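Q: I would like to go through this structure with you. Could we begin with the terms and then turn to the details?

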Amino acid sequence: MSRGNPTSSSLTPTDDALIAAIRSGDERALAHLYRLHWPMVSHFVLQNSGSEDDAQDVYQEGVMVFYEKVRDGSLELSCQIKTYLYAVCRRLWLKRLTSKSRFGVRLLDDEEHGPYLNTGAEEDVLAAEEQDRRFATMSEALNHLGEPCRSLLEGFYLHDKSMQDLTAEFGYTNADNAKNQKYKCLVRLKKLFFTHYKEEPI
């Protein structure tokens, strides 16, 4: 979905307040949002061959898609939050049903959420799935990288260790040697990442 701020004219005052509170890190706002629209998604999943556990899984995933878009500033709504969440969860549940069935899947929708195809949620869900796939592939590439490259890169990028610290930890003669080794490790990691990424089905 395109980057930007929510279009206030399409939202209710409650929606505006929730988005502002979530963006500021207010966990109570997220909890309120969760409780507010849970019955809607639960009803949808239950009437479309799902269980209560299925509904919870899909709703949690859908709320996280919304939450991450709000926090990184990339959410732009052309509808109310409940319609957006309905569209996201609908897409997620349809994907699960399709993966389990050899035949076409037809979903029963509530009439009030009919225009779900115009929310842009499809693009946001696909983007979230693509990001998850990239993270999983990077984790897999790190696992195949081997030592000391894996620990060296994790120390620098994940644990914010300085080159001086890594030089002492790995026994390099100086920081320049550690930097050269880090560069070589990055080259290997990129090759592994793109090899695995291209091999995985989309």
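A: Certainly. Helices here are DSSP runs of H or I with at least four residues, numbered from the N terminus. Please note that this is a predicted model.

Q: Understood. How many helices and strands are in the protein chain?
A: The protein chain has eight helices and zero strands. Along the sequence the pattern therefore reads α-α-α-α-α-α-α-α.

Q: Which residues of helix α6 pair in a salt bridge?
A: Glu154 and Arg150 do, with an N to O distance of 3.2 Å. Both lie in helix α6, four residues apart, which is about one turn of the helix. Arg150 is partly exposed, at 29% relative accessible area.

Q: How many salt bridges are there in total?
A: The count comes to five. One of them joins Arg96 and Asp57, at 4.0 Å from N to O. Arg96 belongs to helix α4 and Asp57 to helix α3, so this pair ties together parts that are 39 residues apart in sequence.

Q: Are those two side chains buried or exposed?
A: Neither term applies: Arg96 is partly exposed at 25% relative accessible area, and Asp57 is partly exposed at 38%.

Q: Which residues make up the salt-bridge network?
A: The network links Asp57, Glu61 and Arg96.

Q: And what does Arg28 pair with?
A: Arg28 forms a salt bridge with Asp26, and their closest N and O atoms are 3.3 Å apart. Arg28 counts as exposed at 68% relative accessibility, whereas Asp26 is partly exposed at 25%.

Q: Changing topic: which cysteines does a disulfide join?
A: Cys149 is joined to Cys185, with an S to S distance of 2.0 Å. A search of the whole structure finds one disulfide.

Q: Where do its two ends lie?
A: Cys149 is in helix α6 (residues 149-158) and Cys185 is in helix α8 (residues 175-199), so the pair ties together parts 36 residues apart in sequence.

Q: Why is the disulfide left-handed?
A: The torsion about the S-S bond of Cys149 and Cys185 is about -75°, so the disulfide is left-handed.

Q: Are these cysteines buried or exposed?
A: Cys149 counts as buried at 2% relative accessibility, and Cys185 is buried at 0%. Turning to other cysteines, Cys79 counts as buried at 11% and Cys89 is buried at 1%.

Q: Now the interior. Which residues touch the most other members of the largest nonpolar core?
A: That core has 30 residues, and Leu33, Tyr59, Phe66, Leu77, Ile81, Tyr84 and Leu85 touch the most other members. The elements that give two or more residues to this core are α1 (13-23), α2 (27-46), α3 (52-71) and α4 (81-100). Helix α4 gives the most, with nine residues.

Q: What does Leu33 touch?
A: Leaving out residues up to four places away in sequence, Leu33 touches Leu18, Ile22, Tyr59, Phe66, Ile81 and Leu85.

Q: What about the second core?
A: It is a separate core of twelve residues, including Met163, Ala178, Cys185 and Phe193. Cys185 is thus also the residue that the disulfide joins to Cys149.

Q: Finally, how much of the protein chain is buried?
A: Of its 202 residues, 38% count as buried. The accessible surface of the protein chain comes to about 12000 Å², and 52% of that belongs to carbon and sulfur atoms.

How values were computed. Residues numbered from 1 in each chain as written. Predicted model: local features only at pLDDT ≥ 70, side-chain atom pairs only at ≥ 80, totals over all residues. Heavy atoms only, no water. Disulfide = S-S within 2.5 Å. Buried < 20%, exposed > 50% of the residue type's maximum accessible area, 1.4 Å probe, protein only. Core = buried A, V, L, I, M, F, W, Y, C linked by side-chain atoms within 4.5 Å. Contact = heavy atoms within 4.5 Å. Areas by Shrake-Rupley, 256 points an atom, 1.4 Å probe, with all protein chains shown as cover. Salt bridge = Lys/Arg side-chain N within 4 Å of Asp/Glu carboxyl O.
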